Each structure stands twice: as C-alpha cells, then as structure tokens.
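Me: I'd like a close look at a single part of this model, namely its charged side-chain pairs. Could you walk me through them in one go?

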Amino acid sequence: MKQQSNPLKKRLAMNLSMCRTARQSSLVGFAQELGVSRSQLQAYLKEKSNPTLCIIEDISMNLGVPPQSLLTDPGSKMRSCVSQLSERKKEDLERALLLLLTFLEADKKLDESKLEKEE
C-alpha cells in the first residue's frame, strides 16, 4: 500500500534543502551544523522520518530561525505581501526581479568562463 505524502514532512524537507543550498553546505557539514547525523538529515530530506518537536526546536535554534518557519510554506508570506501591492508596484517588482535574474545569469556565465580559463 502506497503511503500518502505528508505536507509537513514535505515542507520540512523543502525548507531544510533550501537552507542547505543557501549556505552552500555539504550534507555532512549541514548535518553537523543542525546537530543531527548525516543519515538522519537524509531521512528528513527524503521525507522518510519525523523529527520530534524537540529536534525541530534544536534545528531551528542552530539555524537561527523560528521553529515554525521550518514547517511553513516559504512562499506563503511572500504571496501575501505581493497580493497587497498595487498593480503598478507588482509591475515594478516583476521588472526588478527580471533584472536581478539577468544579472545572476550573467554573473554565473562569468564565473564559468573564469573556471574554464583556469583549467
């Protein structure tokens, strides 16, 4: 029998993964930072294990974030803020984000070309 996906497990996995990516940490390094074993972190990331409330609290303290932020949809607060903007402000925000993405893509290409030259 196939087990149904648990939305809280999914959010925890997504939020931990985003934190790990943002910190550019290895799996082992991130697990050490969180205060859990590598195998336990993998289980959380693969939605195979449920951390206790105490573990969630410890992880959040180690990350410096509120515990509830590990279990909430990271985009919900942003969607709420954006929905309150006027149409003009939404258009301005969209232009700014597109400009930022263009800049990030150009920066990535520059880094890649530097790496190729070093090789």
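**Salt bridges, one by one**

Reply: Let's start with a pair inside one helix. Glu 87 and Lys 90 lie three residues apart in helix α6 (residues 87–118), so about one helical turn separates them. This is a predicted model, and in it these two side chains make a salt bridge, with 3.5 Å between the closest N and O atoms. That fits under the cut-off, because a salt bridge here needs a Lys or Arg side-chain nitrogen within 4 Å of an Asp or Glu carboxyl oxygen. As for cover, Glu 87 counts as exposed, at 55% relative accessibility. Lys 90 comes out as partly exposed, with a relative accessible area of 27%.

Helix α6 holds another such pair, Arg 95 and Asp 92, again three residues apart and separated by about one helical turn. Their closest N and O atoms are 2.5 Å apart, and they form a salt bridge. Arg 95 is partly exposed at 47%, and Asp 92 is also in the partly exposed class, at 30% relative accessibility.

How many salt bridges does the rule give? The count comes to three. The one still to describe joins Glu 33 and Arg 23, whose side chains meet with an N to O distance of 2.4 Å. This pair links distant parts of the chain: Glu 33 sits in helix α2 (residues 27–34) and Arg 23 in helix α1 (residues 7–23), ten residues apart. Are the two partners buried or exposed? Neither label fits, because buried means under 20% relative accessible area and exposed means over 50%. Glu 33 has 26% relative accessibility, so this residue counts as partly exposed. Arg 23 has 37% and therefore gets the partly exposed label too.

As general background, side chains of opposite charge can pair when their charged atoms come close.

One more thing while you have helix α6 in view: Leu 97 is found there, and this leucine is partly exposed at 45% relative accessibility. Leu 97 belongs to a nonpolar surface patch along with Leu 85, Leu 93, Leu 98, Leu 100, Leu 101, Phe 103 and Leu 104. Together these residues have about 710 Å² of accessible area. Leu 97 can qualify for a patch because its 45% relative accessibility clears the requirement of over 30%.

Terms used
Residues numbered from 1 in each chain as written. Predicted model: local features only at pLDDT ≥ 70, side-chain atom pairs only at ≥ 80, totals over all residues. Heavy atoms only, no water. Helix = DSSP H or I, 4+ residues; strand = E, 2+ residues; numbered from the N terminus. Buried < 20%, exposed > 50% of the residue type's maximum accessible area, 1.4 Å probe, protein only. Patch = residues over 30% accessible without salt bridge, like charges linked within 9 Å, V, L, I, M, F, W, Y side chains within 5 Å. Areas by Shrake-Rupley, 256 points an atom, 1.4 Å probe, with all protein chains shown as cover.
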